[in-house]
Structure formats: structure tokens, C-alpha cells
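Visitor: Please take a close look at one part of this structure, the packing of one helix against another. Then place that contact in the rest of the chain.

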Amino acid sequence: MTLTTVHAPAPPRSGFSAGEYITCLTGIVWREGLRFLHQRERFVSALVRPLVWLFIFAAGFRQVLGISIIPPYETYIPYEVYIAPGLMAMIQLFNGMQSSLSMVYDREMGNMRTLLVSPLPRGYLLFCKLLAGTAVSVLQVYAFLAIAWFWDITPPPSGYLTVLPALILSGLMLGALGMLISSGIKQLENFAGVMNFVIFPMFFASSALYPLWRVEEGSPWLAYLCEANPFTHAVELIRFALYGKMNWVSLAVVAGCTAVFMIGAIIAYDPSRGLVRRGPGGEA
């Protein structure tokens, strides 16, 4: 008589391990970093825009817009010093929209097309992509600060460290907004037009280039619109953090908008509920 040993089937796995989640995060961040390094023109263009404002426009507006003593500043400041936090936020705004542009491409024919149908939670994949884009934007901001230092844009030495959490949070908010917008865009040709209706109104209707009390003198209703603009609070959060201070209202607004935009993007990228529908083959 022969005895046959029957092995019970292994129980099915219920989820992924922490190491697998970290591997996924590392892979997406590393890929975004390599893409950034290989696209040198992207790095140059990210610095050209704020430097043009800093060196050309600031020279023309210096005599027109006198900056009074307003928090977080404790004395009169040159116009260049005032607009520096706004230009830092502008770098993150454009980077968030550029990351969204790459998201449209990757979703249709790139690696995100494969990742979005993988067993990993879709919300986690989107968060990894968002975190990778934020890391790139923070590097661009510090490169801008290094160049601006030669033009006497010199915050306190501790400000270079205290501003880092503000940059991460504002980068997450602007990246999540771009990701939410990208969920409704099917073709790359439509992206530029949509972005023009997002980037420029957000940037110019904010405190990036002029204090809100100046706006209120000319148009009170426009000042209310600027105060309701999330980008204004991202600028003020960076401005206060750069001088070692905290703007609690801006922190609450930026954190709340980050959560709303991220949840909206996760829902929008869900084929069963959002804007991204499944194709004939069942792919997202």
C-alpha cells in the first residue's frame, strides 16, 4: 500500500506587505527623478519663469509698489524680497501642472496605464505619483533660492529648513489639484487650454506679486476672491515659514484643500465612480 501525501493549498494572501508598498513608492519616485534628470530643459524652464519675474519685472515694479511693514516682516523690504515666496509657489504650481501633463500621457500609453490596473490600491499609486512630483518641485525651489541668494534674497539661515514642511504641503496641494484636473482630460491637445484657465487666474489673483491690502484699495471684491484662492494661502504659508513663523489660517486652508483635491482625484480615477472609464477591454 502506498501513502500519498496531500498538501493543503496555501491560504490566499490578503493584501501587500509593508516592504512591497515601499518598493512601489521607491520605484515611482526613482522613475520621476530619472525623468527629471534626463529632461534638463524642464529644469531650466522651471527656473527661467521665476527668474524673469525676479530680475526684470521686479526692477520695473520696485518704484511703483512700495511694501509696507506687514507680517511676517518686521521692517520695510524691497519688492524682490516680497515676491520671492510667491515665485517659489509659482515653481510648484507649474511643476504640479507639468506632472499632471505627464500623468495624462502615462495613463494612456505609459507606465501608469499598467500600474493603475495592478492589484495595488489605486489611491496609494496616485499618492506615490504625487509624492514624487512634490519631491521634484522642492528641489527646483531650493535651486531657485540658491540663485536668488546672489541677488540679496537672503532669509534667515534657519528659514531654509523651516520652509521645507510648507513646501511639501503646498506641493502636495498643487500636485493633487493638477491630478484632479488631469482625470477629466482625455487628450494631450486639450491640456494646454485647460491649464491656461487654471494657472494664470490662480497666480495673478493671489498675494504672490502684491499684498492683498493693495488689491483691496482698488477692488474689494477682487480682494475677497484672492483671499478665497488656495494658492494665496500656499504663498502665505511659504512666506511665514521662510521666516520661522506660522500662519495657522493658511496652514488649515492648504491642508484642507490637499485632502479635498486628493480624495477627489482618487474618486475621479476610480473607473466605477469617477471620470476615468474602463475601455472595451476592461482597462482603465
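Guide: Helix axes here are lines fitted to C-alpha atoms over the stretch in contact, and the angle between two of them runs from 0 to 180 degrees between N-to-C directions. The model is a predicted one.

On that basis, helix α5, residues 122-148, packs against helix α12, residues 248-268, at an angle of about 130°, and the two axes are 10 Å apart. Angles under 35 degrees count as roughly parallel, over 145 as roughly antiparallel and 65 to 115 as roughly perpendicular, with the rest counted as oblique. The pair α5 and α12 is therefore oblique. The crossing of α5 past α12 is right-handed. On the α5 side the contact is made by Gly123, Leu126, Phe127 and Leu130, and on the α12 side by Met262, Ala265 and Ile266. By class, six of these contact residues are nonpolar, one is polar and none is charged.

The UniProt record, an unreviewed entry, has annotations that bear on both helices. Under "transmembrane region" it lists residues 51-70, 82-105, 126-151, 163-181, 193-213 and 248-269. In the model, the listed span 126-151 is 88% helix and 0% strand, with its end C-alpha atoms 38 Å apart. The listed span 248-269 is 95% helix and 0% strand, and its end C-alpha atoms lie 32 Å apart.

Helix α12 also holds Ser250. With a relative accessible area of 2%, Ser250 is buried, since buried means under 20%. Setting aside neighbours within four places in sequence, Ser250 is in contact with His233, Glu236 and Leu237.

Leu237 leads to a second helix pair, as it is among the α11 residues that meet α6. Helix α6, residues 159-182, and helix α11, residues 230-242, pack at an angle of about 165°, with axes 7 Å apart. That angle makes α6 roughly antiparallel to α11. The crossing of α6 past α11 is right-handed. From α6 the residues involved are Gly159, Thr162, Val163, Ala166, Leu167, Leu169, Ser170, Met173 and Leu174, and they meet Pro230, Phe231, Ala234, Leu237, Ile238, Ala241 and Leu242 of α11. This contact divides into 13 nonpolar residues, three polar and no charged.

Another local site is Val215, in helix α9, residues 212-218. Val215 has 11% relative accessibility and so counts as buried. Apart from residues up to four places away in sequence, Val215 touches Tyr210, Leu222, Ala223 and Cys226. Of these partners, Cys226 is 11 residues from Val215 in sequence, and the two C-alpha atoms are 8.6 Å apart in space.

As for the whole chain, its secondary structure comes to 12 helices and zero strands. Of its 284 residues, 48% count as buried. Among contacts between residues at least 6 apart in sequence, 75% join residues at least 24 apart.

Technical notes
Residues are numbered from 1 along each chain as its sequence is written. This is a predicted model: local features need pLDDT of at least 70, side-chain atom pairs count only at pLDDT 80 or more; totals for chains, interfaces and linings use all residues. Side-chain values use heavy atoms; hydrogens and water are left out. Helices (H or I, at least four residues) and strands (E, at least two) are DSSP runs, numbered from the N terminus. A crossing is left-handed if the near helix is turned anticlockwise from the far one by less than a right angle, and right-handed if clockwise. Contact means heavy atoms within 4.5 Å. Ala, Val, Leu, Ile, Met, Phe, Trp, Tyr, Cys and Pro count as nonpolar, Asp, Glu, Lys and Arg as charged, and the others, Gly among them, as polar. UniProt positions are given in the numbering used here, feature names are shortened, and annotations may be inferred rather than shown by experiment. Buried means under 20% relative accessible area, exposed over 50%, partly exposed in between (1.4 Å probe, protein chains only).
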